[in-house]
Amino acid sequence: MELQLKIWRQKKADSPGGFEVYRVKANEHMSFLEMLDVLNEQLIAERKEPVAFDHDCREGICGACSMVINGRPHGPNQGTTTCQLHMRFFKDGDVITVEPFQARAFPVIKDLVVDRSSFDRIIQAGGYISVNTGQPVDGNAIAIERDTASMAFDAAACIGCGACVAACPNGSAMLFVAAKVSHLGLLPQGKIEQDGRVQKMVAQMDEEGFGNCSNVAACEAECPKQISVSNIARLNRALIAASFQSS
Amino acid sequence: MKLDAKIPEGSLDQKWTQYKSRVPLVSPANKRKLEVIVVGSGLAGASAAASLGELGYQVKCFTFHDSPRRAHSIAAQGGINAAKNYMNDGDSVYRLFYDTIKGGDYRAREANVYRLAEVSNAIIDQAVAQGVPFAREYGGLLENRSFGGVQVSRTFYARGQTGQQLLIGAYQALSRQISLGTVKMYNRHEMLDLVVVDGKARGIIARNLITGAVERYAAHCVVLATGGYGNVFYLSTNAMGCNATAIWKAVRNGAFLGNPCFTQIHPTCIPVSGDYQSKLTLMSESLRNDGRVWVPARKEDAEAIRRRQKSANDIPEDQRDYFLERRYPAFGNLVPRDVASRAAKVECDKGLGVSPTGLAVFLDFGAAIRRYGKSKASVAGKAQPDEATIEKLGREVIAEKYGNLFEMYEKITGENPYNTPMMIYPAVHYTMGGLWVDYNLETNIPGLFAIGEANFSDHGANRLGASALMQGLADGYFVLPYTIGHFLSGEIRTPAIDPASPQFEEAEQKCKMRIEQLLQTRGHQSVESFHRKLGKIMWDHCGMSRNLQGLQSAREAIRNLRSEFWKDVFVPGRADEFNPELEKAGRVADFLELGELMVVDAMHRNESCGGHFREEHQTGEGETLRDDQQFNYVAAWAWPDLDREPELTREPLNYEYVKIATRSYK
């Protein structure tokens with residue numbers, strides 16, 4: 001298949017960017033990133049600069065890949081990261097627009113690469129259980145109801161890619177924060193610190209310049225791990241509960 | 001040089017306990033003055049950095065990723081072993097130790113492996129306390145499953161994403177230390193060289209990948225937790241960024257590389273489908289709990305399947321060869337990875353492969369679906385369920401156990417594995433070889449430690465499934481925090497290391513010159529094309545099956561490719577900017593050197609063991625044939641100067657507790 005790619009090129013964080021158009025020959029078995037590899041090899045052969053994009057595991061779990069394809073974070077397929085999107089979902093002659101994730105809290109580094117370190121700082125603010133190495137009791141001393149463990153897992157499946165932020169018209173990180181608050185807060189081990197955790201993580205999210213949640217739920221629709229917005233409801237409840245608890 | 005593994009005295013089961021009570025301590029006041037660099041933030045690196053931070057050391061942690069959470073440990077699927085014996089099926093620390101030694105084909109050090117088995121239980125407790133959502137039974141207790149090479153169920157798991165959940169646990173512990181200020185995190189920084197001052201590892205040179213600045217970082221000691229070097233094969237299950245630069249620079253600075261030719265080829269990966277392919281995807285070993293591996297018994301059927309004139313479902317039961325069950329009745333489909341991989345290759349070499357390329361075998365869940373379906377129907381009180389009901393109920397059970405893996409398979413191949421069996425083929429997955437370390441996990445360079453996949457220590461010539469997560473976390477949480485004291489207790493009078501010293505200056509200049517050289521060559525071939533060529537040489541001659549002649553030709557080919565690289569590579573862009581091609585160029589340049597040493601090691605080890613299969617040494621039934629008289633040792637290679645031959649030092653392996661025997665899974 002022959003494709004026309006409209007790709008956002010931007011040299012640096014503070015330099016102006018714009019779309020460039022490329023033609024590339026692909027086949028349906030390639031992943032989207034392998035198609036970009038082909039383009040990059042082509043550009044290198046023409047002694048031009050290849051398109052920079054974040055990627056690593058290429059099996060949908062590391063959360064590194066991040067681009068917006070035809071207006072949708074990680075492209076058209078539900079529950080799929082860019083690296084797992086295959087070209088058989090495109091047609092010969094398609095024009096594909098590729099942009100970086102866009103949000104105030106995710107500044108562009110180069111081309112399609114953005115800085116998502118704000119997510120790390122939100123976790124550092126309280127997205128953990130305070131337990132030092134070597135302190136724990138036996139793993140089976142804490143029995144956890146199977147469905148509860150499963151619900152915690154569903155939230156913990158977040159890969160921290162930031163598609164939720166890129167999908168949100170307000171650039172909010174509520175789904176990301178809510179997933180962590182749910183993962184830890186649902187488990188008995190994590191309940192103890194829940195009040196402080198919720199408040200600190202939300203405060204950090206605001207400080208990083210993420211927008212507010214207005215219940216659009218685009219985050220859930222675009223989340224490659226299909227994390228539910230019901231986690232946001234849980235976060236809101238936890239935040240209200242914490243506000244009554246804190247001194 | 002004689003290698004001292006520094007194995008403590010005492011009986012095997014007392015060594016670690018006694019060591020811990022005798023290792024010199026560093027007082028809290030002194031810990032605050034001592035700096036540690038940890039390179040890598042996967043399971044080993046993140047757990048080590050977090051634990052050392054908790055102890056009070058000043059830690060600097062480096063990763064080339066944009067976040068420590070993206071390290072490739074995240075992709076581990078199946079599980080983590082521990083000798084809890086929660087299943088009451090006869091497991092014990094000794095049995096985990098024994099299985100690991102036997103699984104490694106008797107090429108690992110007893111004392112290290114025993115310690116690994118000993119601390120395995122604490123890892124599970126630690127992970128649970130951190131909030132890792134392991135699979136649970138209905139009663140709320142932890143669930144287990146089986147992995148290859150063992151006859152107990154000791155593998156803890158979190159669906160098919162165990163590595164992700166364990167890494168997030170370690171990442172969160174690390175994040176907590178970052179917020180407390182004990183760990184300073186350097187994201188998007190790649191280590192380019194090791195700095196050795198007066199014989200001790202005292203720092204690193206790292207490139208800030210955003211600005212391109214080459215920077216110096218000093219500390220009292222350096223810990224490498226940078227993973228394996230499987231990407232030397234180009235196609236592997238490793239992530240695209242996985243590289244050997246950190247450990248290779250250690251080698252170039254005098255560290256020994258242990259058993260570099262020991263590579264794990266994982267039997268169940270999605271087969272290669274085209275020339276453009278950038279990586280291979282693993283299908284978890286846990287699938288072999290329920291999946292049965294087979295090829296058509298008749299060549300005509302295999303050919304028809306390859307031409308797509310027949311499908312797997314057209315082959316009647318009596319025309320299928322479940323070759324693992326046939327050859328290894330005691331372990332069946334759950335033989336260790338090296339054995340399963342070779343067996344698949346044997347069938348494909350006979351012309352029985354089933355994909356269009358002829359390089360694939362089936363992994364079939366049909367029998368498991370029917371078995372689970374019948375059991376579910378019986379629980380639901382249906383005494384005479386029809387076939388459709390059985391099928392439906394059985395699929396539900398399989399979906400619950402392996403749903404995400406089935407989805408992943410379908411996303412990549414476009415085929416539904418509930419309807420037709422998966423097609424799988426072996427692929428490079430893990431490297432048992434790595435930096436040589438002693439019992440303290442310290443290399444032969446004082447103050448340089450290597451943990452996790454980056455060291456060679458625990459898996460011998462073949463690693464058992466679900467043991468990589470165990471080893472990475474054992475090293476980081478429970479071993480290094482003790483053993484690092486052995487070195488650092490002697491450094492309490494050493495002031496902060498000065499990064500302005502001539503050794504740092506020299507190392508920085510060397511890195512800058514190399515970057516310039518890569519950019520100035522301005523030849524005509526891309527970095528990628530060199531990497532592909534290297535990968536093909538390695539896979540053809542130093543992969544699943546090796547022979548002297550092939551290895552000799554491979555060495556020659558790699559040397560030629562290396563000199564061609566430095567004459568004709570083209571790296572676009574500049575040094576002082578975000579330049580992924582430049583990063584890749586440096587990594588491939590290092591693979592071009594490391595690959596040669598792997599070949600040299602494979603050539604010298606004139607025996608077959610574990611994943612190292614020398615065609616010249618096999619039994620009549622095609623199994624590995626060890627030569628314990630000559631090769632019962634760790635091969636530790638020094639190669640600081642590429643113009644001279646690599647130099648071999650042997651660390652003999654003394655089996656005091658395990659009786660060394662022919663490994664049999666029949």
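How far apart do the C-alpha centres of domain 1 of chain A and domain 2 of chain A lie? Here are a few notes to help you find your way around this predicted model.

1. Let's start with that question. The two C-alpha centres are 29 Å apart. Domain 1 of chain A covers residues 2-110, and domain 2 covers 116-245. Where they touch, each side brings residues to the contact: 18 from domain 1 of chain A and 18 from domain 2 of chain A. On the domain 1 side, these are eight nonpolar, eight polar and two charged residues.

2. Next, have a look at the largest nonpolar core, which has 297 residues. Those with the most contacts inside it include Leu175(A) and Val177(A) from chain A, and Val223(B), Leu224(B), Val361(B) and Leu435(B) from chain B. Helix H17 of chain B (residues 580-604) gives this core its largest share, 13 residues. As background, nonpolar side chains in soluble globular proteins tend to be buried together.

3. Val177(A) is a good residue to click on. Leaving aside residues up to four places away in sequence, Val177(A) touches Ile122(A), Met201(A), Val202(A), Met205(A) and Leu235(A).

4. Finally, visit Leu209(B), in the loop between strand S8 (200-208) and strand S9 (214-218) of chain B. Is this residue buried or exposed? Leu209(B) counts as buried because 21 other C-beta atoms lie within 10 Å, and the cut-off is 20 or more. Its C-alpha atom is 5.4 Å from that of Arg188(B), although the two are 21 residues apart along the chain. Besides Arg188(B), Leu209(B) touches Phe64(B), His189(B), Glu190(B), Phe578(B) and Glu583(B), again not counting residues up to four places away in sequence.

How values were computed: Residues are numbered from 1 along each chain as its sequence is written. Chains are lettered from A and ligands numbered from 1 in the order in which they are written. This is a predicted model: local features need pLDDT of at least 70, side-chain atom pairs count only at pLDDT 80 or more; totals for chains, interfaces and linings use all residues. Domain bounds come from an automatic or database domain assignment. Two residues are in contact if their C-beta atoms, placed from the backbone, lie within 7 Å. Ala, Val, Leu, Ile, Met, Phe, Trp, Tyr, Cys and Pro count as nonpolar, Asp, Glu, Lys and Arg as charged, and the others, Gly among them, as polar. A nonpolar core is a set of buried Ala, Val, Leu, Ile, Met, Phe, Trp, Tyr and Cys residues joined through C-beta atoms within 7 Å. A residue is buried if 20 or more other C-beta atoms lie within 10 Å of its own, exposed if 12 or fewer, and partly exposed in between; C-beta atoms are placed from the backbone. Helices (H or I, at least four residues) and strands (E, at least two) are DSSP runs, numbered from the N terminus.
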